[in-house]
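Please walk me through this model from its enclosed spaces outward, taking the linings, the helices and the strands in turn. An explanation in running paragraphs would suit best.

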Amino acid sequence: MKNINIKSALLALTLIGTIVSCDSDYKDETPSIAGIAVANPNFSTLEGAAVQGGVVGVLSNSNPNDPSGHYTVFAPTNDAFARLGLVDAGTLGGLQNDFLTNTLLYHVSNGDLLASKIMNGGTSTSALGVDRRFISRGNDLYINGSKIILTDVNASNGTVHAIDKVMIATGVNIVESAILLKDAKVFKAPELTFLVQAVISSGLASVLADPDNNFTIYAPTDAAFKAAGFATLDDVKNAPQATLQAVLLNHAIVGGKFTSEQTNTTAVTAGGGTLTYSAFLNGTFTVKSNGIATPAKMVIPDIQCSNGIVHVIDTVLLP
C-alpha cells in the first residue's frame, strides 16, 4: 500500500469555508489541498488523528497514482470524531495507530469525485483498497453511514467533502472483525470479549465467517453481556449451546446494511425473531427486541466488514 500524506491534506481541511485572502498576484490561482484554508477548528481532531497515525505522503502535491494528479478526501468533522468519544489527543490515544492509519486511508481516494458524479447505489474505492458505497435518503446523500454535509471544496490537486461520521472498515469478515476488537487491535480497551466467546461456544463462527453469507450484525459490548446476566466469561462458556445460538441469531439480519440504508421500522432476524427500530435520528437509530424493555443504543455504527456490516450496541437483544 502506497503511503499518502494525509497530514498535508489536513492543512487544507482546517480551512474549509475560510479561504485565505491573497495578494492580487494570487487571486486567480487555485490553492492546493494543503493551501486552501487556515485554521478552522472544526477539523482539529482530524489533524490530531493524522499526526498520531503517522501517515505521510504527497497530498499537498500532485497525485502520482492518478492521471488527473488529484485526490478526493471525505473529511470527518470534530463532531464526527466526538460521536466515537474522540475529542482530543488523550482520547485519540485510545486507538491503535495501525487502525487509525487505515481509517484515514479509508477516507481518501484517487482522482476527483465531484458531488455531481455521486449517484445512489454507486461505489468508490478508497486508498485502503476497500469500496465505499453511496446512499440517497430523502434529500441527503451518504457515503456508507456518513452524511456528506459539505461538497466540492476545490483545490489544485483534488476535492474535499466534509462528512458527519467517521467511516470504519476492517477488511476482514465479521468474526475476524470481532476478534480484532476483542484483542485490542482497534481500541486499546477490549470491547467484544464476551461476544467472541459466545460466537465460539455457540458453534456459529463458521456461519458468520462464511464469505458467501452477508449479514447486518448488532454486536453487544462486554458491559451489555454483563448487564444481561453473563457476569463472567465462564458464564458464557457454560451456557447451553442452543441458548447462545438463539441469542446470537437474534442479533443477525440477512443482508448487510448501513444505518443510512435501513428504512423499515422492523426487521426479521436470522433466528426468526423481530427487531423494532426507532426513527432514524442523527444518522443512527435504536434497536429493540421482544426480550428487553429498553431499546439498545448504537455505540459504534456502520463498521464495514468483508461479509457485512456491524453495529456495536450497548444492550443484548434477548429473544
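In this predicted model, strand 14 gives the most to the lining of the second largest cavity, contributing three residues. That cavity has a volume of about 80 Å³, and its lining is made up of Ala-80, Arg-83, Leu-84, Ser-146, Lys-165, Val-166, Ile-300, Pro-301 and Asp-302. Sorted by character, the lining of the second largest cavity divides into five nonpolar residues, one polar residue and three charged residues.

One of these lining residues, Ser-146, can be followed further into its surroundings. Ser-146 belongs to strand 6, which spans residues 146–155, and because its relative accessibility is 2%, Ser-146 counts as buried, the cut-off for that term being under 20%. A polar atom of the Ser-146 side chain lies 2.8 Å from the backbone oxygen of Lys-165, and Lys-165 is itself among the residues that line the second largest cavity. When neighbours within four places in sequence are left aside, Ser-146 is in contact with Leu-141, Ile-163, Asp-164, Lys-165, Val-166 and Met-167.

The wider inventory of enclosed space comes next. Rolling a probe the size of a water molecule over the atoms shows where empty space is left. Counting cavities of 30 Å³ or more gives four, and the largest cavity holds about 290 Å³ of space. The largest cavity is lined by 29 residues, of which Ile-174, Ala-178, Leu-195, Ile-217 and Val-310 are the closest to its centre. Its lining contains 26 nonpolar residues and three polar ones, with no charged residues. At least two lining residues come from each of helix 6 (174–182), helix 7 (193–202), helix 8 (205–209), strand 9 (215–220), helix 11 (241–249) and strand 14 (298–305), and helix 6 gives the most, with six residues.

Helix 7, one of the contributors to the lining of the largest cavity, is mostly covered, with nine of its 10 residues buried. The buried residues of helix 7 are Thr-193, Phe-194, Leu-195, Val-196, Gln-197, Ala-198, Val-199, Ser-201 and Ser-202, and Leu-195 also appears among the residues closest to the centre of the largest cavity. The elements that cover the buried residues of helix 7 include helix 6, helix 8, strand 9, helix 9 (222–227), helix 10 (233–237) and helix 11. After helix 7 comes Gly-203, which has a positive phi near 80°.

Strand 9 and strand 14, which both supply residues to the lining of the largest cavity, also belong to an open sheet of five strands, arranged in the order 8-14-15-9-10 with mixed pairing. Strand 8 (168–169) and strand 10 (252–254) stand at the edges of this sheet and have a single partner strand each, so one side of each is left without a neighbour in the sheet. Strand 10 pairs with strand 9 in the antiparallel sense over three bridges, and within this pairing Ile-217 stands opposite Ala-252 of strand 10.

A further set of pairings involves strand 12. Strand 11 (residues 266–268) and strand 12 run antiparallel and are joined by three bridges, with Thr-266 having Thr-276 of strand 12 as its bridge partner. The hairpin of strand 11 and strand 12 has five residues between the strands, and in this hairpin Gly-272 takes a positive phi near 90°. Strand 12 also runs antiparallel to strand 13 (residues 287–288), to which two bridges join it, and the bridge partner of Tyr-277 in strand 13 is Val-287.

In a regular strand the side chains alternate between the two faces of the sheet. Strand 12 (residues 274–277) has such an alternation: Leu-275 and Tyr-277 point to one face and are buried, whereas Thr-274 and Thr-276 point to the other face and are not buried.

Between strand 13 and strand 14 there is a loop that holds Ala-296, and because its relative accessibility is 0%, Ala-296 counts as buried. Not counting residues up to four places away in sequence, Ala-296 touches Thr-286, Val-287, Ile-313, Asp-314, Thr-315 and Leu-317. Among these contacts, Val-287 is also the bridge partner of Tyr-277. Ala-296 and Val-316 are 20 residues apart in sequence, while their C-alpha atoms are 7.5 Å apart in space.

Technical notes:
Residues numbered from 1 in each chain as written. Predicted model: local features only at pLDDT ≥ 70, side-chain atom pairs only at ≥ 80, totals over all residues. Heavy atoms only, no water. 1 Å grid on protein atoms, 1.4 Å probe; cavity = no way out; pocket = protein on both sides within 12 Å on 5 of 7 lines; lining within 4 Å. Points joined across faces, edges and corners; volume = space filled by probe spheres on them. Helix = DSSP H or I, 4+ residues; strand = E, 2+ residues; numbered from the N terminus. Nonpolar A, V, L, I, M, F, W, Y, C, P; charged D, E, K, R; others polar. Buried < 20%, exposed > 50% of the residue type's maximum accessible area, 1.4 Å probe, protein only. Contact = heavy atoms within 4.5 Å. Pairing = 2+ DSSP bridges. Polar contact = N/O pair within 3.5 Å; in protein donor to acceptor, adjacent residues only side chain to side chain.
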